[in-house]
Amino acid sequence: QGTRGLTAGPPPMTPFVSTPPPFDAITAAGIGGLALAMAAIVAWLRGRFEGAATGARSAVVLAMWVTLVGGAAAAGVLARFDRTPPPMALLLPVIFGGSIVLALSAVGRSIAQAWPLAALVGVQMFRLPLELVMHRAARLGIMPEELSYSGYNLDIVTGATAVVIVALMARRPLPRAVLWAWNLWGVWCLLVIAWVARTSSPLVRGFGDDPRHVNTWVLYLPYVWLPAVLVMIALTGHLVLTRKLLTTSRADSYT
């Protein structure tokens, strides 16, 4: 018996059990509605600047992605922590890796060439209302406070300044340095959000074990569309804007 006690080792860790966040109709409708609206807007913009056929294909692909991710969340697949690796561990790399691949692909090149700068900046204005809804979610205990502007997330500045920049661009060209600075700020905010999301995940729990500081709310519908749709649009948009700024001259970059 003594030998068995010495060789048995520590007991296996109990898998993390995730529970759905408290329901709030305004938060759910705000994030879910904003994600669906932005997917539709991106498809519409592609149709406007790249042709109706491109817009239609984009609408189909986006609808399939929204349905796939939403279905996985609704079925509880993303909240399974008894699998190795847990599906949540793959979510962030897929979102960021997919955004980079998309921005560097022929799709990203087409958008960079066809969309005016004002459209590439203006599409990021959704981050202003998004951060307001996320702040409400944090106050209600739906998501960790660290993910809101009460914590480490300053992305509301990106959305607010996008509104200002688009309004100014409608009157006169802006110095390219302004666009570069705004673009880099937006990318930096997304990297900070990614760090906080990972740190507060159930796999790390860097802000403690209190469920109010553990980031599981994005595993459920409709909140899963925040990273899977809105973050992808934001990051891809910044990377495509970078391509445009690098490949356009001062004379034609404002068209």
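**Exercise 1. Work out whether S148 is buried or exposed in this predicted model, and what its side chain is paired with.**

Step 1: Start with accessibility. S148 has 0% relative accessibility, and the cut-off for buried is under 20%, so S148 counts as buried.

Step 2: Place it in the fold. S148 sits in the loop that links α7 (127-139) to α8 (155-169).

Step 3: Look for polar partners of the side chain. A polar atom of the S148 side chain is 2.8 Å from the backbone oxygen of E145. The backbone nitrogen of S150 is 3.1 Å from a polar atom of that side chain. The cut-off for a polar contact is 3.5 Å.

Step 4: Now skip the neighbours within four places in sequence. What remains in contact with S148 is M134, H135, A138, M143 and N153.

**Exercise 2. Find which residues have the most contacts inside the largest nonpolar core, and which helix gives the largest share of that core.**

Step 1: Get the core. It holds 67 residues, and F126, L130, W217, L226 and L230 have the most contacts inside it.

Step 2: Split it by element. Helix α10 (residues 225-247) supplies the largest share, 13 residues.

Step 3: Zoom in on W217. Leaving out residues up to four places away in sequence, W217 touches P21, I31, M134, A137, I142, M143, P144, L147, Y223 and L226. M134 and M143 turn up again here: both are also in contact with S148.

Step 4: Add some background. In soluble globular proteins, nonpolar side chains tend to be buried together.

**Exercise 3. Check the backbone of the loop between α9 and α10: what is the phi of R205, and what kind of peptide bond joins L221 and P222?**

Step 1: Recall the baseline. Most residues other than glycine have a negative phi, and most peptide bonds are trans.

Step 2: Take R205, which lies in this loop. Its phi is positive, about 55°, although R205 is not a glycine.

Step 3: Check its exposure. R205 has 29% relative accessibility, so it counts as partly exposed.

Step 4: Go on to P222, in the loop between α9 (176-199) and α10. The bond joining L221 and P222 is cis, with omega about 5°.

**Exercise 4. Describe the whole chain: how many helices and strands are there, and what does the C-alpha trace span?**

Step 1: Count elements. The chain has 10 helices and zero strands.

Step 2: Read off the extents. Along its principal axes, the C-alpha trace spans about 80 × 35 × 35 Å.

Step 3: Turn to burial and contacts. Of the 255 residues, 45% count as buried. For contacts between residues at least 6 apart in sequence, 78% join residues at least 24 apart.

Definitions and conventions: Residues numbered from 1 in each chain as written. Predicted model: local features only at pLDDT ≥ 70, side-chain atom pairs only at ≥ 80, totals over all residues. Heavy atoms only, no water. Helix = DSSP H or I, 4+ residues; strand = E, 2+ residues; numbered from the N terminus. Buried < 20%, exposed > 50% of the residue type's maximum accessible area, 1.4 Å probe, protein only. Polar contact = N/O pair within 3.5 Å; in protein donor to acceptor, adjacent residues only side chain to side chain. Contact = heavy atoms within 4.5 Å. Core = buried A, V, L, I, M, F, W, Y, C linked by side-chain atoms within 4.5 Å.
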